[in-house]
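Visitor: I am new to this structure. Please take one part of it and go through that part closely, with enough of the surroundings to place it.

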Amino acid sequence: MFANLLKSFVKDESGQGITEYGAVLAFVAILVALIIALLQGSLATSISQAFSSLAAQMSSLAANTPAAGGNS
């Protein structure tokens, strides 16, 4: 009786997909947390530089664009 129950439990794969998805999601979350912890200072600097560069480029584009509603 117990052997049959154990065999049917091992053969049942109904929750396998969601379990594997959860395991991969947990692994990725741990990996991202480790990377952020290791690169905390340099990551903040890089993000700040990227946004500063983007803001400068947007300002440059805005300065070189004719005003809206004007006669061209």
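Guide: What follows looks at the end of the chain around T65, after a short account of the whole.

This is a predicted model, in which local features need pLDDT of at least 70 and side-chain atom pairs count only at pLDDT 80 or more, while totals for chains, interfaces and linings use all residues. Residues are numbered from 1 along each chain as its sequence is written, and side-chain values use heavy atoms, with hydrogens and water left out.

The pLDDT is the predictor's confidence in each residue, from 0 to 100. Its mean over the chain is 83, and 92% of the residues reach 70 or more. Confidence is lowest in helix 1 (residues 2–11), at a mean of 76, and highest in helix 2 (residues 16–38), at 90.

The chain has three helices and zero strands; both are DSSP runs numbered from the N terminus, with helices being H or I of at least four residues and strands E of at least two. The order along the sequence is α-α-α. The radius of gyration is 27 Å, well over the 11 Å that the globule rule gives for 72 residues, so the chain is more spread out than a compact globule. That radius is taken over C-alpha atoms, and the rule is 2.2 Å times the number of residues to the power 0.38. Along its principal axes the C-alpha trace spans about 85 × 35 × 10 Å.

Buried residues make up 0% of the 72, where buried means under 20% relative accessible area, exposed over 50%, and partly exposed in between (1.4 Å probe, protein chains only).

Now to the part itself. T65 lies in the segment after helix 3 (40–63). With a relative accessible area of 49%, T65 is partly exposed. Its side chain reaches the backbone oxygen of L61 at 2.6 Å. This is a polar contact, that is, a pair of N or O atoms within 3.5 Å; within protein, one must be able to donate a hydrogen and the other to accept it, and residues adjacent in sequence count only if both atoms are side-chain atoms.

Two other residues help to place T65. A3 sits in helix 1 and is partly exposed at 46% relative accessibility. Y21 belongs to helix 2 and is exposed, with a relative accessible area of 53%.
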